[in-house]
Amino acid sequence: MSQTIRRKATNVRKTAAAQGKKARVNQAKARTGSALDMAMAALPFSEAQLHRIFLFAILAGAAVLAVVVASAAGLPALANLQVAQVASGAGFEVRHVDVRGVKNLNELKVYERALAQRDRAMPLVDLDALRQDLLGLSWVKDARVSRQLPDTLVIDIVEREPHAVLRKADRFVLIDETGHELETVARGRAQGKLIVSGLGAGQQVIALSRVLDAAPALKPRVQEAEWIGNRRWNITFKTGQVLALPEGEQEAASALVSFARLDGTNRLLGGKVTIFDMRAPDRIYLRIPGREAEAAAIKAGATRKGEAN
């Protein structure tokens, strides 16, 4: 006779326990997925870029063996080319150029040099050579070139600041505070800027700035400075009057300070005197149209001595 054996039904407690365990597993999976999503969002890459990075890592791993073999065979160029081909195949090649910090420089000159790297695999881009090329531009004081993976070159430019205008025989040239020539400018662009002239004046701009800084009240009133005989300066003020300074940076600065004091007490600038000659250490010569220079020199010299006392 056949007999049917029945198993005991699962009790309520076991069923509840199983359901609770399943719920905890689902919650853990949800938390893990959420944490993974947050980690992905925090990365500085898009999902597509991340896929390319993983692809590059996989292909790079495959290329390592070829590189090792090529290097062992004495073919480093072939090894580098293999790496570059892997990077290019994964999308790591120059397709965009991001130029920053340009105000006065012609931006096209930067792009001309940077776009020579266009469609080149990122490992093949010589960042130092490109930086040195950019430093050859007259306006560029410093430059930094970096890779922004997967396909962008970032170029940060630090420009030189225009300081004065160097007047040459046939043109006007904008210069920075060191005398470095920036670009040729029209006469109109020289208006309002200090004009420097004379043979070798560009190399004396730093010393000239120190002389003018000694008398800050006069500095804004100076229109032109002429380097005379590679020895000393003639200063022309905006009034058209000329001040002849002595040789030597310290001597010139001291004379300019003395002139500033005389101008403060006697209002020399804007008066009838056309030329103030302070090359002599103990007196100042004044040239006034229609009067003898020597008489004016004696009077001015006495005034300067009285002030010194």
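This report covers the overall make-up, the confidence, one helix pair and three backbone features of a predicted model.

**Overall make-up**

The protein chain contains 8 helices and 12 strands. Of its 309 residues, 34% are buried. Taking contacts between residues at least 6 apart in sequence, 46% join residues at least 24 apart. The chain has an accessible surface of about 19,300 Å², and carbon and sulfur atoms account for 54% of that surface.

**Confidence**

The average pLDDT of the protein chain is 78, and 64% of the residues score at least 70. Two stretches with pLDDT under 50 are residues 77-91 and residues 298-309. The model nevertheless places contacts there: beyond four places in sequence, residues 77-91 have 26 contacts, and residues 298-309 have 20 contacts. Where pLDDT is low, the predicted coordinates should not be read in detail.

**Helices α6 and α7**

Helix α6 spans residues 205-213 and helix α7 spans residues 249-266. Their axes lie 8 Å apart, and the helices pack at an angle of about 30°. Angles under 35 degrees count as roughly parallel, and α6 and α7 are therefore roughly parallel to each other. The crossing of α6 with α7 is right-handed. On the α6 side, the residues in contact are Ala207, Arg210, Val211 and Leu212; on the α7 side they are Glu249, Ala252, Ala253 and Leu256.

**Backbone features in loops**

The peptide bond between Leu149 and Pro150 is cis, with omega near 15°. Pro150 sits in the loop that links β2 (140-148) to β3 (152-159).

Two residues, Asn230 and Arg267, have a positive phi although neither is a glycine. The table gives their phi values and relative accessibilities.

| Residue | Phi | Relative accessibility |
|---|---|---|
| Asn230 | about 55° | 54% |
| Arg267 | about 50° | 71% |

Asn230 belongs to the loop between β8 (222-228) and β9 (232-237). The loop holding Arg267 runs between α7 and β11 (275-277). The cut-off for exposed is over 50% relative accessible area. Asn230, at 54%, therefore counts as exposed, and Arg267, at 71%, counts as exposed as well.

Helix α7 thus appears in two of these descriptions: α7 packs with α6, and α7 also borders the loop in which Arg267 is found.

Technical notes. Residues numbered from 1 in each chain as written. Predicted model: local features only at pLDDT ≥ 70, side-chain atom pairs only at ≥ 80, totals over all residues. Heavy atoms only, no water. Helix = DSSP H or I, 4+ residues; strand = E, 2+ residues; numbered from the N terminus. Buried < 20%, exposed > 50% of the residue type's maximum accessible area, 1.4 Å probe, protein only. Contact = heavy atoms within 4.5 Å. Areas by Shrake-Rupley, 256 points an atom, 1.4 Å probe, with all protein chains shown as cover. pLDDT = per-residue confidence, 0-100. Axes fitted to C-alpha atoms, helices over the stretch in contact; angles between N-to-C directions. Parallel < 35°, antiparallel > 145°, perpendicular 65-115°, else oblique. Left-handed = near helix turned anticlockwise from the far one by under 90°.
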